[in-house]
Amino acid sequence: MSKIEEVKVLVETGKSKKVAAAVHEALDAGDKAQDILDAMIASMGVVGDKFSSGEIFVPEMLIAAKAMAKGVEVLKPIMAGDVSNSLGTCIMGTVAGDLHDIGKNLVIMMLESSGFDMVDLGVDVPAEKFVEAIKENNNVVLVACSGLLTTTMPALKEAVQTIKAAYPDMKVIVGGAPVTQEYADEIGADGYAPDAGSSAAKAKELIGA
Ligand code: B1M
């Protein structure tokens, strides 16, 4: 089994104590950080499919998520660029009612490495908290909202509309598995990105950088 395959299996099976070492070994074996990350994202897809088919339950999903987080910790310093010029502050959170944070954390990693100063509001963030964060932080140029559940898509809409009501010119980017460009347009977001990689390019485009 290749090192990268090993990482994939360890994440799928939630072996959080072994993942970090396996990621280091994969890097030492010459695997690229992006390829290792893609393998771990694919693992979460497998975990989701197993949950859908009733093969595993919420605790197993949670354990796999923790294992992936351990792997991402190793990759983060490698994937983060050396950025000297700040593009401004970006507030990010997962919307109200939603506890998924792996995608959000990857988007934060990519935006940070593109030059944004990131403020992470965490998960289950009520719409008003995004507005408070804009008030409390300096030079906020962008708000990024993540939503992973079809049931929390209305919370995404509320977040965008609450931010826009308070700050009509503030740029807002949205994303997450159930979100589409059409939905982003419908709820009045300025931008949408399907994955963490493309979120950085879209975020820069939105602020004219
Ligand atoms: Co949840 N869960 N979960 N879960 N969970 C999904 C999302 C699900 C698809 C699984 C399934 O049924 N196949 C399903 C949603 C179905 C739906 O809504 N249609 C689901 C469900 C049902 C639930 C619960 C309701 C289960 C229950 O309790 N019965 C429950 C809800 C809890 C809540 O939030 N209130 C629940 C709970 C959990 C855990 C807490 C156990 C755990 C999350 C732990 C954590 O995040 N720390 C969990 C997990 C791990 C998953 C899966 C397996 C993996 C999610 C993940 O991290 N993926 C997931 C199945 C799946 O995704 N296939 C599933 C990897 C990650 C890198 O991808 O987050 O999509 P993702 O992020 C991507 C893009 O979406 C995008 O970029 C990222 C990287 O490229 N992106 C953005 C994300 N945000 C963005 C923002 C942007 C731009 C791009 O701009 C701002």
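These are some informal notes for anyone opening this structure for the first time.

1. Before anything else, keep in mind that this is a predicted model. The points below start with the sheet, go on to the helices, and end with a few single residues and the metal.

2. Start with the sheet. Five strands make it up, and it is an open one, with the order β2-β1-β3-β4-β5 and parallel pairing. At the edges you'll find β2 (116-120) and β5 (191-192), each of them paired on one side only. If you're new to sheets, remember that strands pair through backbone hydrogen bonds, either parallel or antiparallel.

3. Next, have a look at β3. How many of its residues are buried? Six of the seven are, so the strand is mostly covered. On one side, β3 runs parallel to β1, and six bridges join the two. Cys90 is a handy marker here, with Leu142 of β3 as its bridge partner.

4. β3 also pairs with β4. Here strand β3 covers residues 140-146 and strand β4 residues 171-175, and five bridges link them in the parallel sense. Two pairs are easy to pick out: Val143 stands opposite Val172 of β4, and Ala144 has Ile173 of β4 as its bridge partner. While you're on these strands, recall that side chains in a regular strand alternate between the two faces of the sheet.

5. Which helix touches both β3 and β4? Helix α7 (residues 153-166) packs on the sheet and contacts these two strands. Its direction makes about 175° with that of β4. Helix α9 (residues 196-206) lies across β2, β3, β4 and β5, and runs at about 160° to β4.

6. Now for the helix pairs. Two packed helices are described by the angle between their axes and the distance between the axes. For helix α1 (residues 3-12) and α3, the angle is about 35° and the axes are 9 Å apart. The crossing of α1 with α3 is right-handed. On the α1 side the contact is made by Ile4, Val7, Lys8, Val11 and Glu12, while the α3 residues include Ile36, Ala39, Met40, Val46 and Val47. By type, the residues of this contact divide into ten nonpolar, one polar and four charged.

7. Then try α2 against α4. Helix α2 (residues 16-28) packs on α4 at an angle of about 35°, with 8 Å between their axes. This crossing, too, is right-handed. From α2 come Ser16, Val19, Ala20, Val23, His24 and Leu27, and they meet α4 residues that include Ala67, Gly71, Val74, Leu75 and Ile78. Here the split is eight nonpolar, three polar and two charged.

8. Ile56 deserves a click. You'll find it in the loop between α3 (33-52) and α4 (58-79). Is Ile56 buried or exposed? Its relative accessible area is 14%, and because the cut-off for buried is under 20%, Ile56 counts as buried. Leaving aside residues up to four places away in sequence, Ile56 touches Val47, Lys50, Phe51 and Met61. Val47 and Lys50 also appear among the α3 residues in contact with α1.

9. Lys104 is worth a look as well. This lysine lies in helix α5, and its relative accessible area is 2%, so Lys104 is buried. What does Lys104 touch, not counting residues up to four places away in sequence? The contacts are Met92, Gly93, Thr94, Asp120, Gly122, Val123 and Ser146.

10. For the metal, go to His100, in the loop between β1 (88-94) and α5 (102-114). The ligand's cobalt atom has a single donor from the protein, and that is NE2 of His100, 2.2 Å away.

11. Finally, check two backbone spots. Asp124 has a phi near 55°, a positive value in a residue other than glycine. Asp124 sits in the loop between β2 and α6 (127-136), and is partly exposed, with a relative accessible area of 39%. For Asn139, phi is near 55°, again a positive value in a residue other than glycine. Asn139 is in the loop between α6 and β3. Buried or exposed? With a relative accessible area of 52%, Asn139 counts as exposed, because the cut-off for that class is over 50%.

Terms used. Residues numbered from 1 in each chain as written. Predicted model: local features only at pLDDT ≥ 70, side-chain atom pairs only at ≥ 80, totals over all residues. Heavy atoms only, no water. Helix = DSSP H or I, 4+ residues; strand = E, 2+ residues; numbered from the N terminus. Buried < 20%, exposed > 50% of the residue type's maximum accessible area, 1.4 Å probe, protein only. Contact = heavy atoms within 4.5 Å. Axes fitted to C-alpha atoms, helices over the stretch in contact; angles between N-to-C directions. Left-handed = near helix turned anticlockwise from the far one by under 90°. Nonpolar A, V, L, I, M, F, W, Y, C, P; charged D, E, K, R; others polar. Donors = N, O, S within 2.8 Å, 3.2 Å for Na, K, Ca; no water. Pairing = 2+ DSSP bridges.
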